[in-house]
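Dear colleague,

I am passing on to you the structure shown below. My findings on two parts of it follow.

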Amino acid sequence: MTEQSAIAQEKLVIRPGAGPARDVLVTVLLRGGMDALYTLPPVADPDYARHRAAFDASATNPRNPLKLDEFFSLHANFEPLAEIYRRGHMAVVHACGPRQGLLSHFDAMRLLEQASEAEGPKDGWLGRHLAMQPNPSHSPLRAIALGNTVPLVLRGVTGARALDSLEEMRIELPVDWKPGFMTALARLYGSGSNPLSAIGRGTLATLADLDRLSSEVGANAGPHWDTHSPLGRQLQLVAKLVRAEVGLEAAVLTQLGWDSHVSQAAQIDGPMRALAEALRVFVDELGDRIDRVTVVVISEFGRRVAPNGAGGTDHGRASAALVLGGNIQGGKVYSRWPGLSADALDRDGNLPVTTDFRDVLAEIIERRLGNAGIDRVFPGYQPNYLGFTA
Amino acid sequence: MRLSRREFARLLALSPAVCTAGCAKWEWEDPATATERLVEGPVATPLERRVLDRLGYGPRPGDVAALRAQGVEAYIAAQLQPESIDEDPQLLAMLAEFDTLAMEPEEAHVVEQEWFKDGVVAPISNVLFKFPQLYQPYKPHVTANELCQATAVRAMHSRRQLLEVMVEFWTDHFNVDQSKFDCRWLKTLDDDLIRSHALGKFRDLLLATARSPAMLIYLDNATNRKYDPETKTPPNENYARELLELHTLGDTSAYTLTDIQQVARCFTGWGVEGEWQFRPGRFVYRADDHDDGEKTVLGQHIPPGQGQGDGVAVIDLLAAHPLTARTISKKLCRYFIGELVPPRLVDRLVAEYQRTDGDVRAMLTELFASDEFRVGTSRVIKRPFRFAISALRGTGAISSCSSLAEHLEAMGQRPFGWAMPDGYPTQPEIWAAGLTGRWRFAIELANGDIDETRIDYGQLERLIDRTDPAAVCQRLAESLLGTTLPPETLASLLALAEPDRRRAIPQWVALLLMAPEFQWCA
């Protein structure tokens, strides 16, 4: 890989410690619509049992030790999050989501990622935030999407890239190929009007940087990762990048599998356990660095309060957000709880959104990421802060 | 369009000897794959190249000469009538190797159960993660793997290139994730339905997918029953919602949640034989589960007592809706012309849809004849599937495609592996970020590291022994990229030819497949 390193020196040098003097933001998008009444049940709500007791018997077990407070519980599958919550490093924002209440996955996901009004900007809120920030390090790892594609939320900033694993980012050349091969590749991407040219140059720089990184921190794998979970593997990579101080500012991860129309328990037990375990080990792995990281977990909508006939739930409105980090006033549920009575639900039987998800994001972006221009990240919206940032 | 196994056998008997003793089935001797043609024959005009890149999966060595001999107009006309094109008998022989491809549902069902009796875990895609408790004792999944492999083999070798491209188009439009329950094997039957209607009337395709067991399971209509007063359970809305939003109308402001719920009522009782896993795989209408009351969909009254006719009435209503014409027209434009959709062309396709009752062939005829297509106003990125197939075709590689699904998964586009119902995206900015996977594939392909796949460099090696390396390199670039290399780039490639010219050839091939120009359709 020596020729790659040579290219890196030619193009740019990433210095350790080149990261921002602000938090790294890790965004986890739960695609499909997380049922927060199931994952974070309001067990003390007088109408909860009527709707949901038969659907998830474990939640109403009086010996369930996973209480968030006197009102809300944590589903048993989220057990790995209990300790983080008790330590005060995790806050729950319940009855949260896009206020418009669109029940199409695509419209709601677009809303979650664009976070703008109908006539507003078409790029993503994270892309808009990053585009407003100085970028002195020019790190090719400044904004990454874990996986194969860059999601809408990162659109609006140049240089955001998809990254799945350090291993997949290695280019192994056959032994008898010439050292000039990577030089020739750089030349192919070196000029011309092709829209991929700049992306290719960035990719070459990333390759060289990751090559250095994997030799520096590659041996230091996490303690006990759930290798079956792509999310766990990807969060491990994020932790490595945070610790290596390569200029990472924002990472976006996506978890599928929450669209539980049928046999909900069977369908989302796996994703729930994977999410909770991945977050717990991520926090463990970061150690003191958790003070420099904020994680936000959001989903495009919740599920209908009444389960359907297939042991599942259909698209609803409010879900919940999780916020994790060393500077989060955690151990608390931030909620303007609407209640589950017939009067409280909307006319389709859905839990209404009482906290716009932009309130959560805006507070993080202003107070933890130091962006004073919130009105440009969320044009036309006046956020109300919940006060979960320290 | 679908051939039975008997027909395969008959065609095999007619075809010249495909495989001689000692050579695997995929290693056929085809003059069209000789890499000598990479550096022979005419250079494609921009239009010729666009036709080969967008109506198909890119040129093989010799294809430009064949296209020029036939003429662009005649070629397009023939591609629009795939039944008029005799299929390559060697392809048919290869497809005949896939036992599960042409099975009737009952037979496939038995095979499926046999395969699932015992064995070890080898999940397709990320099913192990999504449904761990369901997939513990399973063997490698033969039906799903054979469909992925057959899809790649068809794209690589079929003479009916446009048909394959349109099957891919509809596969995304009517997305079914193979990793959801019985879809892993029912997708094979679903693929047949799409294939037989790909260039026909949209309404027929829509109805076929509405009754496709894979779709019924994927979008949960198999569990859609009339309101149950005991459990207070309403009908399942999932299929109804995606039918309106993704399959037809597109514009979510054109209907309400009430419309979705009414459509869901119309499709109550449309299901699949059997109960849960291992259903026999036939569509069934269950009158007992159907809500036979009156409904109103998009303002249209549907009288009570119509039974299965309710769903058919909804299909007819949606297929005739102007917004559906617009959805399909825009999507075809985006697919064949690029993200900058020309509004006037969309209008013309909408008019063609309305004039012909949604005839896809008629719409494509208009599209390919348009100035917008001929001039090439916008770029179309090769998604990983097209990138990989066009690399195999462009280099004259021979391949069984047996491991292609794994490579495509690494590049982000495993066939039939998109979880959400909107199908794999087409936007360049989404795919542009994944260059590394493509580069790795190109290096492995050029170096012969992909299973049961090889490029025969013999002709090129003999050629470069007696020819100026620069001329060979430029001719390769013209063949793969449609353009020659600028001097500095050429020099960097020629540096690889010292001192051993022959060793430069696979490196040049890899580099040209990795180049930015190769990632786009012409």
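Please note that the model is predicted.

The first part concerns a pair of helices in chain B. The axes of helix H24 (residues 458-466) of chain B and helix H27 (residues 501-514) of chain B come within 9 Å, and they cross at roughly 130 degrees. Since angles over 145 degrees count as roughly antiparallel and those from 65 to 115 as roughly perpendicular, this crossing makes H24(B) oblique to H27(B). The crossing of the two helices, H24(B) and H27(B), is right-handed. On the H24(B) side, the residues in contact are Leu460(B), Glu461(B), Ile464(B) and Asp465(B); they meet Arg501(B), Arg502(B) and Ile505(B) of H27(B).

The second part concerns helix H17 (residues 343-355) of chain B. With 13 residues at 1.5 Å a residue, H17(B) should span 18 Å, and this agrees with its end C-alpha atoms, which are 18 Å apart.

Which residues of H17(B) are buried? They are Leu345(B), Val346(B), Leu349(B), Val350(B), Glu352(B) and Tyr353(B). These residues lie on the same side of H17(B), because the arc they cover around the axis is only 160 degrees. The buried residues of H17(B) pack against three elements of chain B: helix H16 (322-336), helix H18 (360-369) and helix H19 (371-375). By contrast, Pro343(B), Arg344(B), Asp347(B), Gln354(B) and Arg355(B) are exposed on the other side of H17(B). Just after H17(B), Asp357(B) adopts a positive phi of about 55 degrees.

Yours sincerely

Terms used
Residues numbered from 1 in each chain as written. Chains lettered and ligands numbered in written order. Predicted model: local features only at pLDDT ≥ 70, side-chain atom pairs only at ≥ 80, totals over all residues. Helix = DSSP H or I, 4+ residues; strand = E, 2+ residues; numbered from the N terminus. Expected span 1.5 Å × (residues − 1). Buried ≥ 20, exposed ≤ 12 C-beta atoms within 10 Å, placed from the backbone. Arc of directions from axis to C-beta. Contact = placed C-beta atoms within 7 Å. Axes fitted to C-alpha atoms, helices over the stretch in contact; angles between N-to-C directions. Parallel < 35°, antiparallel > 145°, perpendicular 65-115°, else oblique. Left-handed = near helix turned anticlockwise from the far one by under 90°.
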